[in-house]
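Colleague: I should like to go through this structure with you, one question at a time. Please give the reasoning before each result.

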Amino acid sequence: MPPLAWDVIGVIDTEGDRAEWTFPAEPGAVRTARAAVRDRLTAWHLDSLGDIAALLVSELVTNALRHATGPIGVRLVRPDGPAGPDGYNGVLRVEVSDPLPDPPRERAARPEDESGRGLQLVASAALRWGTRPGDNGKTVWFELTVPG
């Protein structure tokens, strides 16, 4: 795999139990965000979540590009602690932030629609998801169960 184009993103923090990046509002941000998420999950030995996390990040970054202007933030927070009695080790929390304050709206896409399924995909694939307002926009987040 070729190295990431780190010159097009700002790496805020990739130490410890979290990683944060800021991406410019350009089409290449989707691909770069997906690759950054996969790389970090591999480094954390959470490869099993790589495909679904990258897919859902792609959807949320694409939504941010379509509806907002300005930088897009992506943040991963990995669980800490040992696996519980159910064999799961908590949740991976993934957040995508943009400067638009309006929360996203889930809608029912018709079969012939070319878009409008991103939040449905997030809702069906994630353990939980939601939004929260921020000082400069909003954050859409989701959680994925981490196998023990």
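Colleague: Which residue's side chain is joined to that of Asp98 by a polar contact?

Modeller: This is a predicted model, and Asp98 has its place in strand β4. A polar contact of 2.8 Å links the Asp98 side chain to the side chain of one other residue. That residue is Lys138.

Colleague: Which backbone nitrogen does the side chain of Asp98 reach?

Modeller: Asp98 touches Ala64, Ala68, Pro71, Asn136, Gly137 and Lys138, leaving aside residues up to four places away in sequence. Its side chain also reaches a backbone nitrogen at 2.9 Å. That nitrogen belongs to Leu100.

Colleague: Is Asp98 buried or exposed?

Modeller: The relative accessible area of Asp98 is 9%. A residue counts as buried under 20%. Asp98 is therefore buried.

Colleague: What separation do the end C-alpha atoms of helix α2 have, and what span should the helix have?

Modeller: Helix α2 covers residues 50–67, which makes 18 residues. At 1.5 Å a residue, the helix should span 26 Å. The end C-alpha atoms agree with this, being separated by 26 Å.

Colleague: Which residues of α2 are buried?

Modeller: The test is a relative accessible area under 20%. The residues of α2 that are buried are Gly50, Ala53, Ala54, Leu56, Val57, Ser58, Leu60, Val61 and Ala64.

Colleague: Which residues touch the most other members of the largest nonpolar core?

Modeller: In soluble globular proteins, nonpolar side chains tend to be buried together. The largest nonpolar core here has 31 residues. The residues touching the most other members are Leu41, Val61 and Phe142.

Colleague: Which elements each supply at least two residues of this core?

Modeller: The contributors include both helices and strands, and each of those named next supplies at least two residues. They are β2, α1, α2, β3, β4, α3 and β6.

Colleague: Which residues of α2 does Phe142 touch?

Modeller: Residues up to four places away in sequence are not counted. The contacts of Phe142 include Leu92, Val94, Val122 and Trp129. Helix α2 runs over residues 50–67, and the contacts of Phe142 there are Ala53, Leu56, Val57 and Leu60.

Colleague: What is the phi of His45?

Modeller: His45 lies in the loop between α1 and α2, and it is exposed, with a relative accessible area of 70%. Most residues other than glycine have a negative phi. His45 is not a glycine, yet its phi is positive, at about 65°.

Methods:
Residues are numbered from 1 along each chain as its sequence is written. This is a predicted model: local features need pLDDT of at least 70, side-chain atom pairs count only at pLDDT 80 or more; totals for chains, interfaces and linings use all residues. Side-chain values use heavy atoms; hydrogens and water are left out. Helices (H or I, at least four residues) and strands (E, at least two) are DSSP runs, numbered from the N terminus. The expected span of a helix is 1.5 Å times one less than its number of residues. Buried means under 20% relative accessible area, exposed over 50%, partly exposed in between (1.4 Å probe, protein chains only). A nonpolar core is a set of buried Ala, Val, Leu, Ile, Met, Phe, Trp, Tyr and Cys residues joined through side-chain atoms within 4.5 Å. Contact means heavy atoms within 4.5 Å. A polar contact is a pair of N or O atoms within 3.5 Å; within protein, one must be able to donate a hydrogen and the other to accept it, and residues adjacent in sequence count only if both atoms are side-chain atoms.
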